[in-house]
Amino acid sequence: KREGGNIFDIMVPPSISIMVKNPKSKKHGRILFHDIGDYLTREQKLKNIEELSSINGMSNANLWQSITPDEHGDWLRQRDESFGKFIAIGSKDKEAGLVLFSIYSAGVKTQRDAWCWNAGKKSLADNMQHTISEYNQELKRFNEAYLVSNRDVRNKEVDKFIDNDPTKISWTRALKQNFVQGKGLQYSSDYITKGIYRPFTYQWMYFNRRMNEMVYQMPRLFPNGKIENFIILISGTGGRSAFTCTMTNHIPSLHMADIDGSQCFPLFVYNENDTSDDDKDLFADSSPSGLTRQDAITDAGLKHFLDAYPGQIISKEDLFYYVYGLLHSPEYRERYSDNLRKELPRIPR
């Protein structure tokens, strides 16, 4: 809202950038910046640009602001350095050191939401049976035309061969890989479960590795529809919207918390003990037998807080709900708003 009218009718605020390369200059890496102003209409912005006319016009009006990037490379909205003193909520880097959660995951990316999500359970089942049937028919034709063992030829011919009618099937990279490898699809109602598609909007989803383009770590958070878990969902870093945080006990879509993606931090993590490789390849979930459950909060993370409060009884579940409460703190979100746009939260004690 503060950005005002957009001069190009697009979602991303534009800038005019002029890069100067001069080896003879006495100074290198200078950054001069001017913000045209808040709450301006499109017409006001264009008039402002017309009146300034040129770089000299900017200099004569003394409008340039000199910027020194911080250690993160931020020019504007620079991060609060005190943020770095807190424990990381999680990290994909094995060398990251102390973290609070041992695992986190993006929501499920189906890349065929029209097929894999639906408000009606029967409609979802009908859609999935239809598209799986179309896939298997295409695979039968392909196998008759090109031998499964001739992988190079199949890779070369697949795009020209398949029926790309979007009312029948939605082809993606992973689905084409399975197709080339000669892997058929099998429909099962066991893989219909309730999920959360958008904030406070539950739908039925088909949770299946072959039909979902990317399930990420979600099978370890929700191995099947009968498993109990809670996850804290936060908006992804680098997003255009402000930081958001919700909680759910259902499998979320990738864009549940933010149009640019979301990250999910669970109360529990489940490990499969006896699932065969074929099952892991075909389904995102397995039977409840053979699953072991453990807390997602790390032992080191718990000790980090216990050391700060000697004599107090603090459980890993306490920390899970503390994180959820903290991420709703107006003081925390206002002070570290720039940090939260650019990196995952860090948790103070």
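Ser 53 sits in the loop between helix 1 (42-52) and helix 2 (55-60). Its phi is positive, about 75°, although Ser 53 is not a glycine. At 61% relative accessibility, Ser 53 counts as exposed, because the cut-off for exposed is over 50%. This is a predicted model.

**Confidence**

The protein averages a pLDDT of 89. A score of at least 70 is reached by 95% of the residues. Two stretches stay under 50: residues 275-279 and residues 281-287. For residues 275-279 the model has two contacts beyond four places in sequence. For residues 281-287 it has 27 such contacts. Where pLDDT is low, the predicted coordinates should not be read in detail.

**Positive phi**

Most residues other than glycine have a negative phi. Tyr 216 joins Ser 53 as an exception, with a positive phi near 55°. Tyr 216 lies in the loop between strand 7 (201-206) and helix 7 (218-221). At 34% relative accessibility, Tyr 216 counts as partly exposed. A glycine also has a positive phi: Gly 182, just after helix 6, at about 80°.

**The nonpolar core**

In soluble globular proteins, nonpolar side chains tend to be buried together. Here the largest nonpolar core has 71 residues. Leu 100, Phe 101, Leu 327 and Ile 347 touch the most other members. Helix 4 (residues 121-145) supplies the largest share of this core, seven residues.

What does Leu 327 contact, leaving aside its neighbours within four places in sequence? The list is Ile 232, Ile 234, Phe 243, Cys 245, Tyr 332, Arg 333, Pro 345 and Ile 347. Ile 347 is thus both a contact of Leu 327 and one of the core members that touch the most others.

**Helix 10**

Helix 10 covers residues 316-326. Its buried residues are Lys 316, Leu 319, Phe 320, Val 323 and Leu 326. They lie on the same side of helix 10, because they cover an arc of only 135° around the axis. An α-helix has 3.6 residues a turn, so residues three or four places apart point the same way.

**Aromatic pairs**

The structure holds 19 aromatic pairs. A pair of rings is described by the distance of the centres and the angle of the planes. Two of the pairs are set out here.

| Pair | Centre to centre | Angle of planes | Geometry |
|---|---|---|---|
| Phe 101 and Phe 320 | 6.3 Å | 65° | edge-to-face |
| Phe 142 and Phe 161 | 4.9 Å | 55° | tilted |

Phe 101 and Phe 320 link distant parts of the chain, 219 residues apart. Phe 101 is in the loop between strand 3 (87-88) and strand 4 (105-106), and Phe 320 is in helix 10. Phe 101 and Phe 320 are both buried. The pair counts as edge-to-face because its planes are at 65°, and the cut-off is over 60 degrees.

Phe 142 in helix 4 and Phe 161 in helix 5 (residues 151-161) are 19 residues apart. Both are buried. They also belong to one aromatic cluster with Tyr 135, Tyr 146, Trp 171 and Phe 179.

Charges sit over rings too. Lys 92 lies over the face of Tyr 104, at 4.0 Å from the ring centre. Arg 198 lies over the face of Tyr 197, at 4.2 Å from the ring centre.

**Helices 5 and 6**

Which residues of helix 5 are buried? They are Arg 154, Glu 157, Val 158 and Phe 161. Their arc around the axis is only 130°, so they fall on the same side of helix 5. The face turned away from that buried side carries the exposed residues Asp 152, Lys 156 and Lys 160. The buried residues pack against helix 4 and helix 6 (173-180).

In helix 6, Ala 174, Leu 175, Asn 178, Phe 179 and Val 180 are buried. What covers them includes helix 4 and helix 5.

Arg 173 also lies in helix 6. At 49% relative accessibility, Arg 173 counts as partly exposed. Not counting residues up to four places away in sequence, Arg 173 touches Glu 213 and Met 214. Arg 173 and Glu 213 are 40 residues apart in sequence and 8.0 Å apart in space, C-alpha to C-alpha.

Note on methods: Residues numbered from 1 in each chain as written. Heavy atoms only, no water. Core = buried A, V, L, I, M, F, W, Y, C linked by side-chain atoms within 4.5 Å. Buried < 20%, exposed > 50% of the residue type's maximum accessible area, 1.4 Å probe, protein only. Helix = DSSP H or I, 4+ residues; strand = E, 2+ residues; numbered from the N terminus. Contact = heavy atoms within 4.5 Å. Arc of directions from axis to C-beta. pLDDT = per-residue confidence, 0-100. Phe/Tyr/Trp six-rings, centres within 6.5 Å; stacked < 30°, edge-to-face > 60°. Lys NZ or Arg CZ within 6 Å of the ring centre and 35° of its normal.
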